[in-house]
Amino acid sequence: LKACRENDPRAARRHLLAWVEAMEAGRVASPPTGLNRLGRRIGNPEIERLLRELDRACYAGGAWRGDALAGALCELPAPTKRPSDGESQLEPLYR
């Protein structure tokens with residue numbers, strides 16, 4: 001969010017992909033490695049558009065304003081709770 005607010009597209013892209021990787025670690029086989037794939041996974045057309053703009057700014061250059069993306073990301077629902085190291089999603093074998 002800080003990179004978005006500072007209008008730094010490269011930092012925003014790097015931190016966003018690292019955040020998604022950390023959030024999805026252990027839950028999915030392969031977290032998205034690019035912004036287009038991330039946008040499709042989120043499934044929100046407005047966020048997909050904003051992520052395409054961010055990707056374009058990273059590779060084509062030019063001015064980029066991150067305020068809209070920061071606001072849209074704050075509106076996403078909170079991720080579901082992952083089990084801690086001591087918890088398991090599986091039912092116990094013996095009760």
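In which helix is Asp 55 found? In this predicted model, Asp 55 belongs to helix 4, and that helix is a useful place from which to follow the rest of the structure. With a relative accessibility of 15%, Asp 55 counts as buried, because the cut-off for that class is under 20%. Leaving aside residues up to four places away in sequence, Asp 55 touches Arg 13, Leu 35 and Asn 36.

One of those partners, Leu 35, leads into the largest nonpolar core, a set of 20 residues in which Leu 35, Leu 51, Leu 54, Trp 64 and Leu 69 have the most contacts. At least two residues of this core come from each of helix 1 (2–5), helix 2 (9–24), helix 3 (35–42), helix 4 (45–60) and helix 5 (67–74), and helix 4 gives the most, with six residues. Within helix 4, Leu 54 touches Pro 9, Ala 12, Arg 13, Leu 35, Trp 64 and Leu 69, again not counting residues up to four places away in sequence.

The packing of helix 4 against helix 5 can be described in its own right. Their axes lie 10 Å apart and the angle between the two helices is about 140°, which means that helix 4 is oblique to helix 5, since only angles over 145 degrees count as roughly antiparallel. Helix 4 passes helix 5 in a left-handed crossing. On the helix 4 side the contact is made by Ile 47, Leu 50, Leu 51 and Leu 54, and on the helix 5 side by Ala 68, Leu 69 and Ala 72; these residues divide into seven nonpolar, no polar and no charged. In soluble globular proteins, nonpolar side chains tend to be buried together.

Key. Residues numbered from 1 in each chain as written. Predicted model: local features only at pLDDT ≥ 70, side-chain atom pairs only at ≥ 80, totals over all residues. Heavy atoms only, no water. Core = buried A, V, L, I, M, F, W, Y, C linked by side-chain atoms within 4.5 Å. Buried < 20%, exposed > 50% of the residue type's maximum accessible area, 1.4 Å probe, protein only. Helix = DSSP H or I, 4+ residues; strand = E, 2+ residues; numbered from the N terminus. Contact = heavy atoms within 4.5 Å. Axes fitted to C-alpha atoms, helices over the stretch in contact; angles between N-to-C directions. Parallel < 35°, antiparallel > 145°, perpendicular 65-115°, else oblique. Left-handed = near helix turned anticlockwise from the far one by under 90°. Nonpolar A, V, L, I, M, F, W, Y, C, P; charged D, E, K, R; others polar.
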